[in-house]
Amino acid sequence: MCGKSNQKDIHTVTLQLPLNLRNHFKKMRALIVFFGLLLYPILLLGQENGTVSELLREAQGKVYSQPEQTEKIAEYIIKQAESDTVKAHALLLLSQSQYAQGNLNGAAKNILEAQELTGQNEDVGLNLQILQFAIKLMRELGLHNVAQHYLSMLHSLQKKTDSDSATQIAAIMTQDSAAVRLQADDYRKAESLLLLSRKEFINLKDTLALFENALLLSEVYKNTSRLGKAAVVLQEELDKIAPKNGGSFQELQLLCHLGEISFSEKEYETSIQLYERTLKLAELFRNNYFQSKCLEGLSLNYLALEDAKKFYAFKQKTGNFAALAQNDRNQAVNTVFNFISDSGNQKIQSYRDSAYIKIYMLLGFLGLLLLAGLMANHWYRTRAREYNAILKFIQPTPQAKEPEPEPEKLHSEKSSIVPEDIERNLLKKLDAFERGTKFTNQEMSIAYLASLFDTNTKYLSEVINRQKGKNFNSYINELRINYIIEKLKTEPVYFNYKISYLAEESGFSSHSSFATVFKSVTGISPTKFMDLLQKRKESA
């Protein structure tokens, strides 16, 4: 009995052990599932944060080379982000990408929102980037009071940062002071401040700030007639950027500045090549401001090269893009004003009070801009009329026909001084006089001509004024200029003569009087006229 009982107990234990283990495993599995469900959102959130960080890095790397891509990534992050810091970072990138595309209105709106989100944020690096870009954009829009407000915020941030960040902020503020001095034409002080900040940025290895520094420094050199030095500064930056990031917005800016310098140095062909490269990038980025600037530069180059056709073609395109850029700029200014007006931030309350003044200033600026545009338009139309007037002198002159013996047509209104038969007689004599060369006599005067015509000076002066539409001196001078122009067109040897000889040949007593009268008749100097005529003959 005892043996059987032991065997039964052993058998029972053998059956119970697997059952206990199974229960234990069930409990363990339940715990694993519970903790898995608990950790899953955390892991998912970590994965999401990692993805967002990667997207932000990708957008940052493309902000000035592929701004459209950055814009799309930033907009996606803004929609998905739950953190104000992430959203503010995305808004900064969106603003920078829109700035590169010439969308100042969008850039202003998004940088203002980014700054508002980081008001209580402890991320010093992000705050610094946002304030730095906001100050630059406000300066560019001419909103210096708003820029000064952000500058004071940057100064407050400086007190809360470590030594490296404080040094960087100090350098940014110094560079901003240099930009203000540059706008005030205080070039000596601007240069001093820029060189000072440049040393700090080199130590900090802040490449973006160094790029902005180079642009400002080149402006100082350009405005102080140190064009070569300006070109060197810009070319050094271009050499840094082009191999790494060719086709970027930064390259676009550098090429545009180099184009301006080449034009100032009268290297027109080089300037045209630089502007054409810039224009391609501006078109790629759809940047209306830089497209208008490039087209304006090209038109000025072709004006200098006296290529009227290309000048007018580019000038017409310039107006279209300039209007779009100006409209966007005006909208950006209005956006800033509206944002300030609607904001509950008490720190910018003072700017609300001056909003109307700023609007009136803006309207005044627009009025001046419109006036400048009208004046420029008038100038270009005048130049066009002058060019068309020149063409009539360099067109081949048809062979003059002998006048028919029928009577001359008199001015519709009869003279109250000169009898009609005498007037007809004088007109015939003037016609013969014009076909001769007696007007080249340096002693020619109205008294002398009246004696030749057997009349008095009063009658002769009246007939010339009424029938020729000019006074005696203008009449004689125009005959002399037309005479020498005909000689230049028909007898190539006259191109070898000095201006003083041409003056004497046509009846003028001095080189200076000849040049003055020639320009008043044709609109250009004798030398330029001869060059144009020579080129036309060579191309014919």
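# A tour of the helices and loops

**Stop 1: α5 and α7.** Select helix α5 (residues 124–140) and helix α7 (residues 163–183): they pack at an angle of about 0 degrees, and their axes are 12 Å apart. An angle under 35 degrees counts as roughly parallel, so α5 is roughly parallel to α7. Now show the side chains in the contact. From α5, pick Leu-128, Gln-132, Ile-135 and Arg-139. From α7, pick Gln-168, Ile-169, Ile-172, Asp-176, Val-180 and Gln-183. Colour them by class, and you get 5 nonpolar, 3 polar and 2 charged residues in this contact of α5 with α7. An α-helix has 3.6 residues a turn, so residues three or four places apart point the same way.

**Stop 2: the whole protein.** Zoom out. Keep in mind that this is a predicted model. What secondary structure elements does the protein have, and how many? There are 23 helices and 0 strands. The protein has 540 residues, and buried ones make up 41% of them. Next, think about contacts between residues at least 6 apart in sequence: 60% of these join residues at least 24 apart.

**Stop 3: Thr-335 and its distant partner.** Select Thr-335, in helix α14. Then add Asn-105. The two are 230 residues apart in sequence, yet their C-alpha atoms are 6.8 Å apart in space. Leaving aside neighbours within four places in sequence, Thr-335 is in contact with Asn-105, Lys-109 and Leu-112.

**Stop 4: Gln-101.** Go to the loop between α3 (84–100) and α4 (104–117), where Gln-101 sits. Is Gln-101 buried or exposed? Its relative accessible area is 9%. Buried means under 20%, so Gln-101 is buried. Show what Gln-101 touches beyond its neighbours within four places in sequence: Pro-67, Glu-68, Glu-71, Phe-285, Arg-286 and Asn-287. Hold on to Phe-285, as the next stop uses this residue too.

**Stop 5: α11 and α12.** Select helix α11 (residues 249–264) and helix α12 (residues 268–285). Their axes come within 8 Å and cross at roughly 155 degrees. Angles over 145 degrees count as roughly antiparallel, and therefore α11 and α12 are roughly antiparallel to each other. Their crossing is left-handed. On the α11 side, the contact is made by Phe-249, Glu-251, Leu-252, Leu-255, Cys-256, Leu-258, Gly-259, Glu-260, Ser-262 and Phe-263. On the α12 side, look for Tyr-268, Thr-270, Ser-271, Leu-274, Tyr-275, Arg-277, Thr-278, Leu-281, Ala-282 and Phe-285. By class, the contact of α11 with α12 has 12 nonpolar, 5 polar and 3 charged residues.

**Stop 6: α9 and the residues around it.** Start with Lys-205, in the loop between α8 (187–204) and α9. Lys-205 is not a glycine, but its phi is positive, about 60 degrees. Lys-205 counts as exposed because its relative accessibility is 71%. Move along to helix α9 itself, residues 207–223. How many of its 17 residues are buried? The count is 13, so α9 is mostly covered. Now check the length. At 1.5 Å a residue, the 17 residues of α9 should span 24 Å. Draw a line between the end C-alpha atoms: they are 24 Å apart, which agrees. After α9 comes Ser-225, with a positive phi near 60 degrees.

**Stop 7: Glu-306.** Jump to the loop between α13 (288–304) and α14 (308–342) and select Glu-306. Glu-306 also has a positive phi of about 60 degrees without being a glycine. Its relative accessibility is 36%, so Glu-306 counts as partly exposed.

**Stop 8: Thr-440.** Find the loop between α17 (420–435) and α18 (446–452), and select Thr-440. Thr-440 is buried, with a relative accessible area of 18%. Which residues does Thr-440 contact, leaving aside its neighbours within four places in sequence? They are Arg-480, Tyr-483, Glu-505, Ser-506 and Gly-507.

**Stop 9: Phe-518.** End in helix α22 (residues 511–522), at Phe-518. Phe-518 is buried, at 2% relative accessible area. Add Glu-478: Phe-518 is 40 residues away from Glu-478 in sequence and 8.3 Å away in space, C-alpha to C-alpha. Beyond neighbours within four places in sequence, the contacts of Phe-518 are Ile-481, Ile-484, Ile-485, Gly-523, Ile-524, Ser-525, Pro-526 and Phe-529.

Terms used: Residues numbered from 1 in each chain as written. Predicted model: local features only at pLDDT ≥ 70, side-chain atom pairs only at ≥ 80, totals over all residues. Heavy atoms only, no water. Helix = DSSP H or I, 4+ residues; strand = E, 2+ residues; numbered from the N terminus. Expected span 1.5 Å × (residues − 1). Buried < 20%, exposed > 50% of the residue type's maximum accessible area, 1.4 Å probe, protein only. Axes fitted to C-alpha atoms, helices over the stretch in contact; angles between N-to-C directions. Parallel < 35°, antiparallel > 145°, perpendicular 65-115°, else oblique. Left-handed = near helix turned anticlockwise from the far one by under 90°. Contact = heavy atoms within 4.5 Å. Nonpolar A, V, L, I, M, F, W, Y, C, P; charged D, E, K, R; others polar.
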